[in-house]
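Work through these exercises with the sequence and the 3D view side by side. Try each task before reading its solution.

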Amino acid sequence: MGEKQNNWERIEAVIQWARMSTNYFARYIGLPRGENLYQIKRGNNGISRDVARRIVEKFPQIDQLWLLTGDGEMFADKPQSGKKIPFYATDVEQGIADLQGLEADGELIVPGMDDCELAMLYSGRAMGQSVPPGTVVFLKNIDRDEIIPGGEYVIISRKIVTLRIVRAADSGARLRLVAGDKKNYDDIVLNINDIMAVYKVKGKLITNT
């Protein structure tokens, strides 16, 4: 039997398995800041029942007893449940307009994403730290009139395909597409009638690159 992992090693194993940064993982499980986890890393705190509960609620695959004590195995002895979301290892801005011609590279099961229809990679840089390159975005196809200004959407128009924050323009017939990196990327003003399809970004899996 191998040596039992310490508290931080168990937390770190889950973070690496989830392909998240420590700070994003903390936010994802509902902790106010990453410092809660860094205190565990420094050995100042153990893994509390509250932290373990938060992790298992988001990742039911993880065994809570192992998380708290190190006994047993990392993964609970039960099948993964939830909707299987087709994942395309293709840049969303390059591939989503030709989605019918693509074959899914796999399936993802992510708690809380049951209303998503697909997941793709975002490889662009225009969204800055909000959606860094390498992020997996979870998408749902919606009608144009379901767009809510301020949200992140993949817009397929007659001229461009882009992931941007959508805001209202000076005319009710147009939308303004805003980049997360406003310093290096200009706004795009688009006629609503030119929009062919819209996908709402329902969730993001930001990998620690």
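**Exercise 1. In which strand does T135 lie?**

Solution. T135 lies in strand β4, which covers residues 135-142. Before going on, note the ground rules: this is a predicted model, where local features need pLDDT of at least 70, side-chain atom pairs count only at pLDDT 80 or more, and totals for chains, interfaces and linings use all residues. Residues are numbered from 1 along each chain as its sequence is written, and side-chain values use heavy atoms, with hydrogens and water left out. Helices (H or I, at least four residues) and strands (E, at least two) are DSSP runs, numbered from the N terminus.

**Exercise 2. Decide whether T135 is buried or exposed, then find its partners.**

Step 1. Recall the cut-offs: buried means under 20% relative accessible area, exposed over 50%, and partly exposed in between (1.4 Å probe, protein chains only).
Step 2. T135 has 1% relative accessibility, so T135 counts as buried.
Step 3. List its contacts (heavy atoms within 4.5 Å). Not counting residues up to four places away in sequence, T135 touches M120, L121, Y122, K204, L205 and I206.
Step 4. Look at the side chain. The side chain of T135 reaches the backbone oxygen of P132 at 2.7 Å.

**Exercise 3. Describe the protein chain as a whole.**

Step 1. Count the elements: the chain has 6 helices and 9 strands.
Step 2. Box the chain. Along the principal axes, its C-alpha atoms fill roughly 65 × 35 × 25 Å.
Step 3. Check burial. Of the 209 residues, 41% are buried.
Step 4. Check contact range. Take contacts between residues at least 6 apart in sequence: 56% of them join residues at least 24 apart.

**Exercise 4. Which residues have the most contacts inside the largest nonpolar core?**

Step 1. Define the term. A nonpolar core is a set of buried Ala, Val, Leu, Ile, Met, Phe, Trp, Tyr and Cys residues joined through side-chain atoms within 4.5 Å.
Step 2. The largest core has 35 residues, and those with the most contacts inside it are I11, F25, L37, I55, F59, L67 and F138.
Step 3. Trace the suppliers. At least two residues of this core come from each of α1 (7-18), α2, α3, α4 (49-58), α5 (64-69), β1 (85-91) and β4. The largest share, 6 residues, is from α1.
Step 4. Zoom in on I55. Beyond its neighbours within four places in sequence, I55 contacts I11, V14, F25, I29 and L67.
Step 5. Find the other core. A second, separate core of 20 residues includes V131, V154, I156 and Y199.

**Exercise 5. Place N7 and describe its surroundings.**

Step 1. N7 sits in helix α1.
Step 2. Its relative accessible area is 28%, so N7 is partly exposed.
Step 3. Leave aside neighbours within four places in sequence. N7 is then in contact with I40, N45, G46, I47 and L68.
Step 4. Compare sequence with space. N7 and I40 are 33 residues apart along the chain, and their C-alpha atoms are separated by 6.9 Å.

**Exercise 6. Set P32 beside L190.**

Step 1. P32 lies in the loop between α2 (22-28) and α3 (35-41). L190 is in strand β8, residues 188-191.
Step 2. P32 counts as exposed because its relative accessibility is 68%. L190 is buried, with a relative accessible area of 8%.
Step 3. Leaving aside neighbours within four places in sequence, L190 contacts I155, S157, A173, R174, L175, L177 and I195.

Conventions: Polar contact = N/O pair within 3.5 Å; in protein donor to acceptor, adjacent residues only side chain to side chain.
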